[in-house]
Amino acid sequence: MADDIRLLTVEISGPVGMLEGAMNASADVPARAIAVLAHPLPTAGGTMHTKALYHAAKGLAGIGCPVLRFNFRGVGRSAGTFDAGAGERDDFIAALNVMTSRYPDVSRVWAGGMSFGAWTAMTAGAVDRRVTSLIGIAAPVTKYDFSPVIEAAKPVFLIHGEFDQIAPLKDVRKFYGRLAEPKELVVIDGADHLFDGKVTEVGEAIVDLLQDYDG
């Protein structure tokens with residue numbers, strides 16, 4: 001685990017204007033993969049500073065994976081207004097462009113997010129040839145269409161709360177059953193949709209899932 005993690009402010013040229021971002025990366029450890037993480041639903045208060053997402057980013061950076069979080073259009077200092085998903089997928093691709101340009105020699109590219117951000121990132125990443133693996137934290141599989149993720153057959157890593165009130169665990173297990181291998185599902189005991197009181201366990205789960213993964 002790298003212990004020299006730096007936080008860099010990043011400005012992303014988005015489709016409707018500047019998007020604010022923050023990148024966690026080790027100062028000395030070469031990147032073994034790169035990632036972009038998208039935040040929960042903006043209209044419900046989701047931002048790149050959502051606690052569980054922050055801990056996920058911290059976990060990824062600690063295992064040698066520089067990670068970019070960013071605010072969707074209309075959130076924080078990001079330009080634009082909420083677009084119910086279509087525009088936010090374009091925002092995600094803009095953030096992905098920043099990371100692949102910054103790390104052109106890194107072939108492992110992970111697209112992930114939390115809740116609404118999981119849907120946005122995973123469906124965008126499913127059809128982007130640069131993306132090699134998908135990460136879903138509290139993926140709301142009963143609320144949005146995740147069929148592109150199933151069809152893409154890319155490796156998928158899911159982290160879900162036992163008592164998620166938005167996407168019941170039983171439905172996530174059904175979705176998981178339709179995914180191609182390789183795939184992993186980590187259930188955090190006693191956790192709700194936002195992982196209240198359990199946010200550090202999200203970061204720990206990220207490390208457990210991906211520290212030895214080479215896809």
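**Exercise 1. Helix 6**

Task: Which residues of helix 6 are buried, and which elements do they pack against?

Solution: Work on the predicted model.
- Step 1. List the buried positions: V199, V202, G203, A205, I206, V207, L209 and L210.
- Step 2. Follow their packing. The partners are helix 1 (51–62), strand 5 (109–114), strand 6 (133–137), strand 7 (156–161) and strand 8 (183–188).
- Step 3. Check the helix length. Helix 6 covers residues 199–210, 12 in number. From first C-alpha to last it reaches 17 Å, close to the expected 16 Å.

**Exercise 2. The nonpolar cores**

Task: Find which residues of the largest nonpolar core touch the most other members.

Solution:
- Step 1. The core has 44 residues, and F146 and L158 touch the most other members.
- Step 2. Ask which element gives the largest share. Helix 3 (residues 116–126) does, with 7 residues.
- Step 3. Set the second core apart. This separate core has 29 residues, including L53, A138, F195 and A205. A205 is also among the buried residues of helix 6.
- Step 4. Trace the contacts of L158. Beyond four places in sequence, L158 touches, among others, M122, F175, Y176, L185 and L209.

**Exercise 3. Helix 2 against helix 3**

Task: Work out how helix 2 and helix 3 are oriented: roughly parallel or roughly perpendicular?

Solution:
- Step 1. Take the geometry. The packing angle is about 65°, and the axes are 9 Å apart.
- Step 2. Apply the cut-off: angles of 65 to 115 degrees count as roughly perpendicular. Helix 2 is therefore roughly perpendicular to helix 3.
- Step 3. Add the hand. The crossing is right-handed.
- Step 4. Name the contacts. E88, R89, F92 and I93 in helix 2 meet F116, W119, T120, A121, T123 and A124 in helix 3.
- Step 5. Look at D90, also found in helix 2. D90 counts as partly exposed, because its relative accessibility is 43%. Outside its neighbours within four places in sequence, D90 contacts P15 and R73.

**Exercise 4. Backbone exceptions**

Task: Locate the cis peptide bond, then ask which of A84 and F195 is buried.

Solution:
- Step 1. Recall the background: most residues other than glycine have a negative phi, and most peptide bonds are trans.
- Step 2. The bond from E181 to P182 is cis, with omega near -5°. P182 lies in the loop between helix 5 (169–177) and strand 8.
- Step 3. A84 has a positive phi of about 65°. A84 sits in the loop between strand 4 (67–70) and helix 2. At 51% relative accessibility, A84 counts as exposed.
- Step 4. F195 has a positive phi of about 60°. F195 sits in the loop between strand 8 and helix 6. At 0% relative accessibility, F195 counts as buried.

Conventions:
Residues are numbered from 1 along each chain as its sequence is written. This is a predicted model: local features need pLDDT of at least 70, side-chain atom pairs count only at pLDDT 80 or more; totals for chains, interfaces and linings use all residues. Side-chain values use heavy atoms; hydrogens and water are left out. Helices (H or I, at least four residues) and strands (E, at least two) are DSSP runs, numbered from the N terminus. The expected span of a helix is 1.5 Å times one less than its number of residues. Buried means under 20% relative accessible area, exposed over 50%, partly exposed in between (1.4 Å probe, protein chains only). Contact means heavy atoms within 4.5 Å. A nonpolar core is a set of buried Ala, Val, Leu, Ile, Met, Phe, Trp, Tyr and Cys residues joined through side-chain atoms within 4.5 Å. Axes are lines fitted to C-alpha atoms, for helices over the stretch in contact, and angles run from 0 to 180 degrees between N-to-C directions. Angles under 35 degrees count as roughly parallel, over 145 as roughly antiparallel, 65 to 115 as roughly perpendicular and the rest as oblique. A crossing is left-handed if the near helix is turned anticlockwise from the far one by less than a right angle, and right-handed if clockwise.
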